[in-house]
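Here is a friendly walk through one model, meant to be read with the structure open beside it. Have a look first, and then we can go through some details together.

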Amino acid sequence: MKVFISGGCKNGKSYYAQRLAKEQQKKDLYYVATMRPGDEEDIERIQRHIREREGWGFTTVEQYEDVDQMLQGCDPQGSFLLDSVTALLANEMFKGEEVNDAAGDKICWDLLKVMEEIEDIVIVSDYIYSDSIVYDPLTEQYRRELAQIDKAAAAGCDVVLEVVYSNVIVHKGGELFETNHWRSLSRKTYVCP
Amino acid sequence: MKLIIGGAYQGKLTYVLEEYRVDQDEIYYASKTCSELPEDKKIVYHLEQWVMACQQERRDALELLKVYLQRFPDAVLICEDVSCGVVPADPMVRQWREAVGRCMAVLSQGADEVVRLFCGIPAQLK
């Protein structure tokens with residue numbers, strides 16, 4: 001099944017996404033790592049995420065850009081977790097000297113291509129659209145393009161979830177979500193250990 | 001009156017265009033520099049910007065809306081949700097955020113329908 005998860009930051013959506021990916025594992029389990037380590041803080045965060053995944057059986061695929069290439073060397077029957085679209089967009093937008101205005105379109109196409117070839121994927125994004133800060137044009141462009149990818153991914157997924165401080169709101173595919181083998185996960189509130 | 005809310009770029013305008021089968025020219029694009037509401041259009045987009053204009057021109061947004069809705073009881077008001085995020089450092093922005101919240105609470109009460117868009121997906125709240 002294809003699941004799209006978004007929500008504010010630091011509310012446990014990565015952990016929840018991990019559980020969903022694990023739950024729908026039939027063969028291999030893949031973690032598509034998208035964050036290109038820039039500084040000490042990034043490296044620390046990545047190390048923390050690696051520790052959190054320890055013992056879950058994830059094979060890590062490093063894919064900082066060109067996400068349509070993520071299936072190379074993978075079994076398409078596997079269960080994939082892509083965390084996150086947010087990092088992918090930053091990498092694609094700022095990979096050259098100048099801002100890449102086509103980054104949003106490219107990621108949409110790349111993702112849809114991947115989604116056609118596989119059955120099971122959980123895609124994580126960040127909901128950064130509801131605050132009252134007036135942003136500079138570049139940040140606004142980033143928000144607009146991330147929303148474009150979110151909408152395309154949500155349209156292509158069977159289930160769309162929003163995580164709000166550990167509460168899960170089902171926006172699409174509720175019946176599928178509730179009746180699937182994830183019954184244990186479909187509780188509306190859960191706690192990340 | 002119908003109220004359409006949601007974060008930035010979530011598909012609010014697309015929803016209105018498709019769901020109510022209206023054309024672009026039937027939509028009034030509000031801006032933060034004009035506190036007037038249209039006399040010939042019943043669909044207002046970026047109501048949150050209009051609230052900022054009212055704040056800057058020191059006009060009572062709720063009173064203006066009341067008059068507007070008497071003329072157009074079947075209006076469609078589209079407003080970006082600016083309530084979720086870190087409290088802004090700028091006091092003007094803080095007041096704007098609160099003013100939008102107050103307006104939306106009153107409008108929600110009087111609305112026949114409230115729809116929230118999330119990543120292009122509508123959810124009927126009322």
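Which residue in strand 3 of chain B is the bridge partner of Ile27(B)? In this predicted model, the partner is Ile43(B). The two strands involved, strand 2 and strand 3 (residues 43-45) of chain B, run parallel and are joined by 3 bridges.

**The sheet of chain B**

That pair belongs to an open sheet of 6 strands in chain B, with the order 2-3-4-1-5-6 and mixed pairing. Strand 2 (27-29) and strand 6 of chain B are the edge strands, each pairing on one side only. From one strand to the next, the twist averages 20°. As background, strands of a sheet pair through backbone hydrogen bonds, in either a parallel or an antiparallel way.

**Helix 2 of chain B**

Now to helix 2 of chain B, which spans residues 47-56 and is mostly covered, with 7 of its 10 residues buried. The buried residues are Leu47(B), Glu48(B), Gln49(B), Trp50(B), Val51(B), Met52(B) and Cys54(B). What do they pack against in chain B? The buried residues of helix 2 pack against strand 3, helix 3 (61-71), strand 4 (76-80) and helix 4 of chain B. After helix 2 of chain B comes Arg58(B), with a positive phi near 50°.

**Backbone points worth a look**

Two loop residues of chain B also have positive phi values, and neither is a glycine: Tyr9(B) and Arg21(B). The table sets them side by side.

| Residue | Phi | Loop in chain B | Other C-beta atoms within 10 Å |
|---|---|---|---|
| Tyr9(B) | near 60° | between strand 1 (2-6) and helix 1 (12-19) | 22 |
| Arg21(B) | near 50° | between helix 1 and strand 2 | 8 |

Are these residues buried or exposed? Tyr9(B) is buried, because 22 other C-beta atoms lie within 10 Å and the cut-off for a buried residue is 20 or more. Arg21(B) is exposed, because it has 8 other C-beta atoms within 10 Å and the cut-off for an exposed residue is 12 or fewer.

Chain A has a backbone feature to check as well: a cis peptide bond joins Asp83(A) and Ser84(A), with omega about 15°. Ser84(A) sits in the loop between strand 4 (79-83) and helix 3 (85-93) of chain A.

**A helix pair in chain A**

Staying with chain A, helix 4 (residues 103-117) and helix 5 (residues 137-156) have axes that come within 9 Å and cross at roughly 20°. The two helices of chain A are therefore roughly parallel, since angles under 35 degrees count as such. Their crossing is right-handed. On the helix 4 side of chain A, the contact is made by Ala103(A), Gly104(A), Ile107(A), Cys108(A), Leu111(A), Leu112(A) and Met115(A). Helix 5 of chain A contributes Glu145(A), Gln148(A), Ile149(A), Ala152(A), Ala153(A) and Gly156(A). By class, this contact has 9 nonpolar, 3 polar and 1 charged residues.

**Where the chains meet**

Finally, how many residues of chain B are in contact with chain A? There are 20, and they touch 20 residues of chain A. On the chain B side, helix 4 (91-110) and strand 6 (121-124) each supply at least two residues. Helix 4 of chain B gives the most, with 3 residues. The residues on this side of chain B divide into 12 nonpolar, 6 polar and 2 charged.

How values were computed: Residues are numbered from 1 along each chain as its sequence is written. Chains are lettered from A and ligands numbered from 1 in the order in which they are written. This is a predicted model: local features need pLDDT of at least 70, side-chain atom pairs count only at pLDDT 80 or more; totals for chains, interfaces and linings use all residues. Two residues are in contact if their C-beta atoms, placed from the backbone, lie within 7 Å. Helices (H or I, at least four residues) and strands (E, at least two) are DSSP runs, numbered from the N terminus. Ala, Val, Leu, Ile, Met, Phe, Trp, Tyr, Cys and Pro count as nonpolar, Asp, Glu, Lys and Arg as charged, and the others, Gly among them, as polar. Two strands pair if DSSP finds at least two bridges between them. Axes are lines fitted to C-alpha atoms, for helices over the stretch in contact, and angles run from 0 to 180 degrees between N-to-C directions. Angles under 35 degrees count as roughly parallel, over 145 as roughly antiparallel, 65 to 115 as roughly perpendicular and the rest as oblique. A crossing is left-handed if the near helix is turned anticlockwise from the far one by less than a right angle, and right-handed if clockwise.
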